[in-house]
Amino acid sequence: AVAFTFGRWNYDAAIELGNRRIRVGQTALGRVVLHNTSGRPAASSILELPVGRNVAAFRVPRLAAGEEHEEVFQIPGRRRSVVRIGPVRAVRTDPLRLLHRQRQWTDPVELFIHPEIVRLEAVALGFLKDVEGVTTQNLSSSDVSFHALREYVPGDDRRSIHWRTTARVGKLMVRQFEETMRSHLLIVLSLDPESYRDPADFELAVSCAASLAYASLSEERAVTIHTAHDTLSFPNAVVMLDQLSRLELSRGGSSTLREVALEGARRVPDASVAAIITGGVEPAELRGAQLAMPPEVATFALRCDATLTTSRRRASNLIVLDVPTLADLPGGVRSLR
């Protein structure tokens, strides 16, 4: 047993993924490469590769000095998640399995399985338009709200030159603008299992949140996603999808939907539009969450439940969209215009 299990390992190992980010329904391809870095042959051993909660085992043949061995694997993206792959472990055991020896060769890597999203047309985002007419005290050389004229300084955009005034005063004059508030979308996403009839409805809610955030980021609008446990902000769509891949239902939470919305409004005071996304809860609960928002924030709600029929209704002055499938989202958002 000792003769079989002891001895030097002289491997270099690496985990390589063809793509570290895939969508639900796609398959990730990868490989493990082992290289015998010693000047003599390396004995056969067992290679273990943890993938999520499972462990794949491969037999590595005897490798000559400098020889490489490759094991190819694939991971189906059955559900939204972050899959931890590795570390690669080399294992030796004797034929009678009396002794077992293991060594770790690599660090783990993460595979992001992004939620499914649907593209929203630009015309469907009319509800998410900029807040026209609300200005700040910050001055800018290019925006939509004209403020005043000033003398040209090197570096100014020549397109801002006001030629009529320039001709009158005899020196270059440029337009100066006030910065207007850009639309900031706040998405309040419920993680309460009691709000969803089925886990598939929660996946639909995450996909709706991802689709709205993706469309807004594509239009260079700020987006924040708030849940009972965290407030997520991101510089681009890739980081947003990475973060949403980690979300899970949270059991035992004491916060109501209204309390979650109230905390979201407190943390994102500059929000101009709010979307409340949950399962098939009663419209009165959605109305309570809307009342937690400042009155100047335009708010709508999505109920994600496969048993509902596609509809647009009102709970007082709150627009509620029933979305049984992700394909129904574009039409529902378009109806907000």
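Let me begin with one term: a residue is called buried when its relative accessible area is under 20%. Please also keep in mind that what we are looking at is a predicted model.

With that cut-off in hand, let us turn to His-184, which is found in strand S14. Is His-184 buried or exposed? Its relative accessibility is 10%, and because buried means under 20%, His-184 counts as buried. Its side chain makes two polar contacts that I would like you to find on the screen, one with the side chain of Thr-224 at 2.9 Å, and another with the side chain of Asp-270 at 3.2 Å. If we set aside the neighbours within four places in sequence, the residues in contact with His-184 are Ala-222, Val-223, Thr-224, Val-268, Asp-270, Ala-271, Ser-272 and Val-273.

Now let us widen the view to the strand that holds this histidine. Strand S14 covers residues 184-189, and six of its six residues are buried, so the strand is largely enclosed by the rest of the structure. It helps here to recall that in a regular strand the side chains alternate between the two faces of the sheet. In S14 both faces are covered, with His-184, Leu-186 and Val-188 buried on one side, and Leu-185, Ile-187 and Leu-189 buried on the other. Which residue of S15 is the bridge partner of Leu-185? That partner is Val-223, and S14 and S15 as a whole pair in the parallel sense over five bridges.

Strand S15, residues 222-226, also leads us to helix H4, since S15 is among the elements that cover the buried residues of H4, together with strand S2, strand S7, strand S10, helix H3 and strand S16. The helix itself runs over residues 237-245, and its buried residues are Ala-237, Met-240, Leu-241, Asp-242, Leu-244 and Ser-245. At the start of H4, a side-chain oxygen of Asn-236 reaches to within 3.2 Å of the backbone nitrogen of Val-238.

A second helix deserves a short stop, namely H2, residues 163-169, where Thr-166 lies. Thr-166 has a relative accessible area of 10%, so this threonine is buried as well. Its side chain reaches the backbone oxygen of His-162 at 2.9 Å, and, leaving aside neighbours within four places in sequence, Thr-166 is in contact with Ile-161, Lys-171, Leu-172 and Met-173.

Next comes the largest pocket, which holds about 550 Å³ of space. Which elements give two or more residues to its lining? They are strand S4 (45-51), strand S5 (54-60), strand S6 (68-76) and strand S7 (81-85). The lining has 21 residues, and those nearest the centre of the pocket are Val-51, Gly-52, Arg-53, Asn-54 and Val-83. By character, the lining divides into eleven nonpolar, five polar and five charged residues.

Let me finish in strand S6, where we find Glu-71. With 16% relative accessibility, Glu-71 counts as buried, because that value, too, is under 20%. The side chain of Glu-71 makes a polar contact with the side chain of His-69 at 2.8 Å. Not counting residues up to four places away in sequence, Glu-71 touches Gly-30, Arg-31, Val-32, Leu-47, Phe-58 and Arg-59. As a last distance to check for yourselves, Glu-71 and Val-60 are eleven residues apart in sequence, while their C-alpha atoms are 8.7 Å apart in space.

Note on methods
Residues numbered from 1 in each chain as written. Predicted model: local features only at pLDDT ≥ 70, side-chain atom pairs only at ≥ 80, totals over all residues. Heavy atoms only, no water. 1 Å grid on protein atoms, 1.4 Å probe; cavity = no way out; pocket = protein on both sides within 12 Å on 5 of 7 lines; lining within 4 Å. Points joined across faces, edges and corners; volume = space filled by probe spheres on them. Helix = DSSP H or I, 4+ residues; strand = E, 2+ residues; numbered from the N terminus. Nonpolar A, V, L, I, M, F, W, Y, C, P; charged D, E, K, R; others polar. Buried < 20%, exposed > 50% of the residue type's maximum accessible area, 1.4 Å probe, protein only. Contact = heavy atoms within 4.5 Å. Polar contact = N/O pair within 3.5 Å; in protein donor to acceptor, adjacent residues only side chain to side chain. Pairing = 2+ DSSP bridges.
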